[in-house]
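Please open the model in your viewer and keep the sequence panel beside it. The stops below each begin with a selection and then say what is found there.

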Amino acid sequence: MLRRSLIFGLVFLGACSSVEKKVDQTASKPRAHDEYKLPNGLSVLLVDDQKLPSISMMMMLRSGSVSDPEGQWGVTQLMAGLLEKGTTSKSANRIAERLADLASGFSVDVNPEYTLFSASSLSSYQRELLDIFSEIILEPSFPVQELSKQ
């Protein structure tokens, strides 16, 4: 009985490891996408997936926390935390309300080598999401009163 259990266990583990390899191989294949280069040099990758009625957008800057100036460690993280706290034309509350109206999310993730800005929503709000995403990134006000809350 013990021998049968041991053999079954080894066969089961072998089957699981072969399945895992198959999953890893398929997961490593790049998704079909279109690539564009804008006149300002920005690279845009478009992955069109019609399976769900949602849109996600991301922007990556090749600058992260290792780029913080000497003696000012954390300034990139501080900047990232202040982005949603207001733009030149919208308050933090208005940005939050607008994102909620669009059933959207916005986030900034600071890594050592890069900073990733991302937003997602229902695809029917594509234009509106792009507008607020652009405004948050291009027109931040970095309100001084929000510094103490960070």
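Select helices α3 and α4 together and look at how they cross: in this predicted model, the crossing of α3 and α4 is left-handed. To see which side chains make the contact, display I95, R98 and L99 on α3, together with E128, I132 and I136 on α4. Colouring these contact residues by class gives four nonpolar and two charged, with no polar residue in the set.

Now keep the two helices and draw their axes, since two packed helices are described by the angle between their axes and the distance between the axes. Helix α3 covers residues 92-101 and helix α4 covers residues 126-138, and the two pack at an angle of about 155° with 11 Å between their axes. Angles over 145 degrees count as roughly antiparallel, and α3 and α4 are therefore described as roughly antiparallel to each other.

From the end of α3, move into the loop between α3 and β4 (105-110) and select A103. What is the phi of A103, a residue that is not a glycine? The phi of A103 is positive, at about 50°. With a relative accessibility of 52%, A103 counts as exposed, because the cut-off for that class is over 50%.

A second residue of this kind can be selected in the segment after α4, where F142 is placed. F142 is not a glycine, yet its phi is positive, at about 45°. Its relative accessibility is 35%, so F142 counts as partly exposed.

Next, select strand β5 (residues 115-122) and pick out T115. Is T115 buried or exposed? T115 is buried, having a relative accessible area of 2%. Show the polar contact of its side chain, which reaches the backbone oxygen of S63 at 2.7 Å. If neighbours within four places in sequence are left aside, the residues in contact with T115 are M59, M60, L61, S63, G64, T76, V108, D109 and V110, and displaying these as sticks shows the surroundings of this side chain.

Finally, zoom out and colour the protein chain by secondary structure, which comes to four helices and five strands. Following the chain along the sequence gives the pattern α-β-β-β-α-α-β-β-α. If you switch to colouring by accessibility, buried residues make up 21% of the 150 residues in the protein chain. In a contact map, among the contacts with a separation of 6 or more, 63% are between residues 24 or more positions apart.

Notes:
Residues numbered from 1 in each chain as written. Predicted model: local features only at pLDDT ≥ 70, side-chain atom pairs only at ≥ 80, totals over all residues. Heavy atoms only, no water. Axes fitted to C-alpha atoms, helices over the stretch in contact; angles between N-to-C directions. Parallel < 35°, antiparallel > 145°, perpendicular 65-115°, else oblique. Left-handed = near helix turned anticlockwise from the far one by under 90°. Contact = heavy atoms within 4.5 Å. Nonpolar A, V, L, I, M, F, W, Y, C, P; charged D, E, K, R; others polar. Buried < 20%, exposed > 50% of the residue type's maximum accessible area, 1.4 Å probe, protein only. Polar contact = N/O pair within 3.5 Å; in protein donor to acceptor, adjacent residues only side chain to side chain.
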